[in-house]
Amino acid sequence: MGTKDFVKRSIKYIFKGIPENKTYVNITSCTENNLYAGKNILITGGSSGIGYAVAQKCLSGGGSVCITGRKEEKLLAAGKKLGKEKCKTAVFDIGDIENIEKNFYEILGLFHSSLDIVVSNAGIFFEKDFVKYTEEDYENIFNVNLKGAYILS
C-alpha cells in the first residue's frame with residue numbers, strides 16, 4: 001500500500017469509522033419432506049449407525065434405498081425395520097476391491113439401471129493399541145475407509 005492510499009484510508013476511518021463486515025443468512029424450511037421423491041439411493045454401511053439414519057431420512061423423503069453391508073442377517077433386520085417395499089438390501093463388502101464393479105452392477109439392477117445418489121458411508125475401525133496394529137489391519141482399514149469408497153465413486 002502506497003503512502004497516498006494509506007492517507008486516503010486513514011481519512012475514511014477518521015470520518016466514517018472502521019467498516020463493519022456484514023453476514024447474511026437465508027434459512028429455508030421444507031414443510032413437505034419430498035426431497036428424495038423418485039430418487040434411487042445406494043448407501044454403503046447402511047445396516048447401522050449413521051448409514052441407517054441416512055437411510056431412514058432418505059426413505060422418509062420419498063426415496064428408494066438400497067443399504068449394503070458385510071453381514072446378511074444384520075442387513076435383513078435393518079431392511080425389515082426400514083420397510084421392505086422401499087428398502088432393498090445387498091451384501092456388499094466395499095473392502096473387497098476386486099468385486100466392487102460386479103457388486104455395483106448387481107445393485108444397479110435392483111434399481112432397473114437407474115441410480116441417482118451414492119452415500120459412501122461404510123467404514124471400519126479396530127479398537128486396539130496403535131503399536132499392535134498389523135499390516136493386514138492397516139490394509140483392511142485402508143481398503144474399506146478409503147480405497148473402496150474411491151473406486152465405488
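Here is a short chat about how the features of this predicted model get their labels.

Colleague: What should I know before I start?
Modeller: It's a predicted model, where local features need pLDDT of at least 70, side-chain atom pairs count only at pLDDT 80 or more, and totals for chains, interfaces and linings use all residues. Residues are numbered from 1 along each chain as its sequence is written, and side-chain values use heavy atoms, with hydrogens and water left out.

Colleague: How do you know which element has the highest mean pLDDT?
Modeller: pLDDT is the predictor's confidence in each residue, from 0 to 100. Strand E1 (residues 40–44) has the highest mean, 96, and H1 the lowest, 82. The protein chain averages 89, with 97% of the residues at 70 or above.

Colleague: Why are E2 and E3 called paired?
Modeller: Two strands pair if DSSP finds at least two bridges between them, and strands themselves are DSSP runs (E, at least two residues). E2 (residues 64–69) and E3 share 5 bridges in the parallel sense, so they count as paired. One of the bridges links Val 65 to Cys 87 in E3.

Colleague: What makes E3 an edge strand?
Modeller: The open sheet has the order E3-E2-E1-E4, with parallel pairing. E3 (87–91) pairs on one side only, and so does E4 (117–120).

Colleague: How do you know the direction of helix H3 relative to E3?
Modeller: Axes are lines fitted to C-alpha atoms, for helices over the stretch in contact (heavy atoms within 4.5 Å), and angles run from 0 to 180 degrees between N-to-C directions. Helix H3 (residues 72–82; helices are H or I runs of at least four residues) lies across E2 and E3. H3 runs at about 175° to E3, so on that scale their N-to-C directions are nearly opposite.
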